[in-house]
Amino acid sequence: MGGLENGATNNQNSSPTTTKPTKTGLSPDSMINLDQGDPTLFEPYWRKVGDKCTLVIEGCDLMSYFSDISNICRFLQPQLGDALKRLHRVVGNALTEDRLIVVGTGSTQLLRAALYALSSPADRHPVSLVAAAPFYSGYKDQAEFLRSGLYKWEGDAHTFDKDGPYIEVVTSPNNPDGAIREAVVNRGEGKLVYDLAYYWPQYTPIIQPLDHDIMLFTFSKCTGHAGSRIGWALVKDKEVARKMTEYMQISSIGVSKESQIRAAKILGVLGEGCRTADSENFFEYSHSILKERWERLRNVVKNSRVFCLPKYPRDYCNFTGKYMDSNPAFAWLHSKEDIDWESRLREHKIIARSGERFGASPKYVRISMFSPPEAFNLFLERLSAIIDNTIGNVVT
C-alpha cells in the first residue's frame, strides 16, 4: 500500500531522520497558546511507526511541474490519488466513485479554487459568500484579505437575505463548535462547498459516506501532518474540477510532488493499520487521546457556574462498528457572564480565539484540543483556578 512511483523508492535499510518530540519548555508562568489548531498531538504515534513511512527521493526525481497530463488535475501524483481513494473506502466517510480528485496546497487553497470555479467574471456583481455562524474564522479572513472581484463575504448564512447567486460553505463537523451541519440558505441560485476537514473517526462517528458536489479534505487534520500542506477535493463536475485546476496553475503552478509522495506513503501506512490486527489503528489511537482530554475538560467545567460546553449526541460509527461520542478538535467554551472571555483568559495567560472571530458573541472562546500534553495540563490547572475563584457569578 502507498507504493512509490516516478523513481522514488522505499529504503527499508535506512534510518528515519530522528525527530524529537515537540517540547514546550513551559514554566508555571508561561503563556499558553491554544489559539491555533496545530495537530502535533499525534506526533508520538508516527514516531512509533518508525521507518514504515520513510522514503528516499533521488535528485533526478519529480522534476516536472506535471504529474499526469491525461488527468484533469495534471498536478496530482497518481499514487496519492490511489491512496486517497483507498482510504475513503476503508473509512467510509465520502464517496469517490465517479469523482475527480483535485490536489491543493492545503484545503485553504482548495477553497479559493472552488470559489474561483463557482463564480463568473461575467457577473456584474461579486457572488455572495456565506457560512452559518459560528463559522470558521478563516473564511471571512481570506475573503476580506483577498478582496476578490469574483466573490464577497456576506457573513452568517442564517441572516443572509440577498437575492441572486451565492456560495455557502458548509463545515461539518463544524469549526469551532463541532456540530454536524447541513446547508442553511437552500435557494435555487446557490452553490455549496462542503469543508469536511474533521469528518474522520477520531473526531466524530462516521455515520455514512457523504455525497456532495464539492468536498474538501486536508492531510493536516486527517493524520496530523500539517507541515506537508496537502489537501484534496472530491469533485463531481468536470468543468468545476478543470477550473479549480486552472486556479492551481495560476496561483502556484501546481502542488509540491515531494509532499504528495510523502502523503501517499503515510496514508498507505495508515490504511494498512486500519485493516490489519497486528498494527495499532491510528484513528483508534487519536480518538482515545481526544476522548481522554474531553473527559478531563468536562470534569473541570462541570463544577463551574460560569462556563459550559456543547453536548454532542452519541451515534453509531460505521468505521468502528460501535456507538461513540464526538471529540472535536476544538472546545467551544461558553461563558454565562457578559464578559469578553478572550481578554479575561489572557489575563490568566491563556490565549484563545474570541467568538467574535467566528461571527458569535465574545462570551464564547475557541480552545484548541491539539496542544502538547504539558500545555493542556497547565490549561486545565488554570481553568480550574478560575472556576475555584468564582464567587457568586463573578470571576476574580
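Helix H3 makes the largest contribution to the lining of the second largest pocket, supplying four residues. I should say at once that this is a predicted model. H3 spans residues 106-118, and the other elements that give two or more residues to this lining are helix H4 (137-146), strand S7 (214-218) and helix H5 (219-223). The pocket holds about 430 Å³ of space, and 25 residues line it. Those that lie nearest its centre are Thr 108, Tyr 136, Asn 175, Tyr 198 and Lys 221. In character the lining is mixed: ten of its residues are polar, nine are nonpolar and six are charged.

Let me turn to the cavities. How many of 30 Å³ or more does a search of the whole structure find? The search returns two.

The largest cavity contains about 80 Å³ of space. Its lining includes Pro 173, Asn 174, Asn 175, Pro 176 and Gly 178, together with Tyr 198, Tyr 203 and Thr 204. Ser 326, Pro 328, Ala 329 and Phe 330 also line this cavity. Colleagues may recognise Asn 175 and Tyr 198, which I named a moment ago among the residues nearest the centre of the second largest pocket. By class, the lining of the largest cavity has seven nonpolar and five polar residues, and no charged ones.

The second largest cavity has a volume of about 40 Å³. Here H3 and H4 appear again, each supplying at least two lining residues. Which of the elements gives the largest share of this lining? In this case H4 does, with four residues. The residues around the second largest cavity are Leu 111, Arg 112, Leu 115, Leu 129, Tyr 139, Gln 142, Ala 143, Leu 146 and Tyr 151. Seven of them are nonpolar, one is polar and one is charged.

My last topic is a sheet. Strands of a sheet pair through backbone hydrogen bonds, in either a parallel or an antiparallel manner. The sheet I wish to show is open and has four strands in the order S9-S12-S15-S14, with antiparallel pairing. Strand S9 (307-308) and strand S14 (353-354) form its edges, each pairing on one side only. S14 is joined to strand S15, residues 364-368, over two bridges in the antiparallel sense, and Ser 354 stands opposite Val 365 in S15. Across S9 and strand S12 (330-335) lies helix H8, residues 282-301, which runs at about 5° to S12. Phe 330, in the lining of the largest cavity, falls within the range given for S12.

Terms used
Residues numbered from 1 in each chain as written. Predicted model: local features only at pLDDT ≥ 70, side-chain atom pairs only at ≥ 80, totals over all residues. Heavy atoms only, no water. 1 Å grid on protein atoms, 1.4 Å probe; cavity = no way out; pocket = protein on both sides within 12 Å on 5 of 7 lines; lining within 4 Å. Points joined across faces, edges and corners; volume = space filled by probe spheres on them. Nonpolar A, V, L, I, M, F, W, Y, C, P; charged D, E, K, R; others polar. Pairing = 2+ DSSP bridges. Contact = heavy atoms within 4.5 Å. Axes fitted to C-alpha atoms, helices over the stretch in contact; angles between N-to-C directions.
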